[in-house]
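Colleague: I should like to go through the reasoning behind several labels used for this model. Please set each value against its criterion.

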Amino acid sequence: EESHSMSHYSRFTFLFVLLFAQETLLADEPIFSGPQVGEKLPPLNVKGVYGDLADKDIELAAALATDPELLIFFHERTRPAYGLTNMMMKYAASRKKDGLKSSVIYLTDDATETRDWLGRVKRNMNPNVIHAISPDGLEGPGSYGLNRNVALTVLVAKDGKVTANFALIQPSIQSDGPKILKAIVDATGGGKIPTVADLGGGRYSGQARMKARGGKS
């Protein structure tokens with residue numbers, strides 16, 4: 001009986017270790033979304049949201065683009081995604097003089113509702129970058145191969161090719177912000193990399209006035 005009990009315990013322990021190992025491997029698997037480093041940016045056609053670009057068709061990633069670009073695909077309307085996006089766009093606007101073109105592209109299955117929401121939060125958005133809605137729904141443009149299971153896909157590009165790609169399931173200003181800032185600085189000719197504190201990271205991480213509806217954008 002004791003031997004049988006020990007055998008049962010051993011099987012249980014083995015199964016537990018096996019499940020733990022599988023979860024660890026899955027957690028360590030890389031997450032892919034969008035064109036990878038070294039790949040060309042496909043054409044990207046969207047509709048503008050604010051100002052002179054409101055409701056206008058825009059091509060954000062031209063085939064022969066040479067300027068550095070920052071593209072943030074906003075998959076899921078959450079506070080962390082909102083805070084990180086706003087902080088990155090604040091810095092990106094300061095690098096406009098270095099030729100950086102910066103855009104946030106909202107992916108949504110309800111463009112009208114998303115446009116209304118963007119109208120309500122307009123005062124929190126940086127007016128010196130482009131905000132646009134993808135006409136291709138939650139999946140985004142097929143040529144970009146975006147992963148709808150992430151909250152943000154952040155692409156930095158130069159000379160029409162991706163130089164950095166960040167597929168973020170749980171965006172974090174503290175852990176993801178410095179990496180993205182470095183990628184922007186590298187693409188725009190170098191210089192001092194600002195810290196999260198320099199950009200008021202605490203304020204952005206606490207920015208909670210957005211109104212999420214079912215996690216959709």
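**Labels and their grounds**

Modeller: The model is a predicted one. By class, 10 nonpolar, five polar and four charged residues make up the lining of the largest pocket.

Colleague: How much space lies in the largest pocket, and which residues are closest to its centre?

Modeller: The largest pocket holds about 320 Å³ of space. Its lining comprises 19 residues, and Leu53, Pro127, Asn128, Val129 and Ile130 are the closest to the centre.

Colleague: Which helix and strands each supply at least two residues of that lining?

Modeller: Helix 2 (79-94), strand 4 (101-106) and strand 5 (130-133) each do so.

Colleague: Why are helix 2 and helix 4 called roughly parallel?

Modeller: The axes of helix 2 and helix 4 (residues 173-187) cross at roughly 30 degrees and come within 11 Å. Angles under 35 degrees count as roughly parallel, and the two helices are therefore described in that way. The crossing of helix 2 and helix 4 is right-handed.

Colleague: What makes Asp55 partly exposed?

Modeller: Asp55 has a relative accessible area of 49%. Buried would require under 20% and exposed over 50%, so Asp55 falls in between and is partly exposed. Asp55 lies in the loop between strand 1 (45-48) and strand 2 (57-59).

Colleague: What is notable about phi in Asp55 and in Asp159?

Modeller: Most residues other than glycine have a negative phi. Phi of Asp55, however, is positive, near 65 degrees. Asp159, also not a glycine, has a positive phi of about 55 degrees; Asp159 is placed in the loop between strand 6 (152-158) and strand 7 (161-168).

Terms used: Residues are numbered from 1 along each chain as its sequence is written. This is a predicted model: local features need pLDDT of at least 70, side-chain atom pairs count only at pLDDT 80 or more; totals for chains, interfaces and linings use all residues. Side-chain values use heavy atoms; hydrogens and water are left out. On a 1 Å grid over the protein atoms alone, a cavity is a set of points where a 1.4 Å probe fits but cannot get out, and a pocket is an open set with protein on both sides within 12 Å along at least five of seven lines; lining residues have an atom within 4 Å of a point. Grid points are joined across faces, edges and corners, and a volume is the space filled by probe spheres set on the points. Helices (H or I, at least four residues) and strands (E, at least two) are DSSP runs, numbered from the N terminus. Ala, Val, Leu, Ile, Met, Phe, Trp, Tyr, Cys and Pro count as nonpolar, Asp, Glu, Lys and Arg as charged, and the others, Gly among them, as polar. Buried means under 20% relative accessible area, exposed over 50%, partly exposed in between (1.4 Å probe, protein chains only). Axes are lines fitted to C-alpha atoms, for helices over the stretch in contact, and angles run from 0 to 180 degrees between N-to-C directions. Angles under 35 degrees count as roughly parallel, over 145 as roughly antiparallel, 65 to 115 as roughly perpendicular and the rest as oblique. A crossing is left-handed if the near helix is turned anticlockwise from the far one by less than a right angle, and right-handed if clockwise.
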